[in-house]
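Here is a friendly walk through one fold, from a single side chain out to the sheet and its helices. Please have a look at the model first.

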Amino acid sequence: MNFRRIKSWQWALIVLALLVALDWAIRRPDGRTQGLNEAIKAAASPQLKNYPYPFHVMRVEGNTAIMGTPRNFDMPAFRFLGAMYPDVNVKDHDNPAFIALEKTLGQVQDEAKAIVLAQPGITGVKWELDREWLQRHHLQVPDKLPARR
């Protein structure tokens, strides 16, 4: 193959394809993570399966599953719930509809955690804000702050 005959736009296309392949290889879940996510799908209740946020394992570190969550200190539940259920007043913390949504969020998150903890080799779960999912759903997520020492 004569590399001199390849035009610059063809080189750009080759480089772009290689970058996409590299990104996919870096981001794809490993076999253990895939197995845990399959376990969630298989054992999930209809409530968990139909919940707007798909609870999942992002990665496994040792015996700990790192699971995605739509809420934490940086993204309070009311912001996530307000975006998913715009007809509910989430600013009134005494609103029965808001209280019910918070309760449901806790229940489905606990269910996903219990399914993962029931799998062999997993002894703990840590929650990590799923920034990519939130951004794909047009929710403003604060920048990740560097770890404090």
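Let us start at Leu-81: beyond its neighbours within four places in sequence, this residue is in contact (heavy atoms within 4.5 Å) with Tyr-51, Val-90, Phe-98, Leu-101, Glu-102 and Leu-105. This is a predicted model, where local features need pLDDT of at least 70, side-chain atom pairs count only at pLDDT 80 or more, and totals for chains, interfaces and linings use all residues. Residues are numbered from 1 along each chain as its sequence is written, and side-chain values use heavy atoms, leaving out hydrogens and water.

Leu-81 and Val-116 touch the most other members of the largest nonpolar core, which has 32 residues. Such a core is a set of buried Ala, Val, Leu, Ile, Met, Phe, Trp, Tyr and Cys residues joined through side-chain atoms within 4.5 Å; buried means under 20% relative accessible area (1.4 Å probe, protein chains only). α5 gives the most to this core, with seven residues.

Now the sheet. Its three strands form an open sheet in the order β1-β2-β3, with mixed pairing; strands pair if DSSP finds at least two bridges between them. Helices (H or I, at least four residues) and strands (E, at least two) are DSSP runs, numbered from the N terminus. β2 and β3 pair in the parallel sense over six bridges.

Two helices pack here, with angles from 0 to 180 degrees between N-to-C directions of axes fitted to C-alpha atoms, for helices over the stretch in contact:

| Helix | Strands touched | Angle |
|---|---|---|
| α2 | β1, β2 | about 130° to β1 |
| α5 | β1, β2, β3 | about 135° to β3 |

Methods. Buried means under 20% relative accessible area, exposed over 50%, partly exposed in between (1.4 Å probe, protein chains only).
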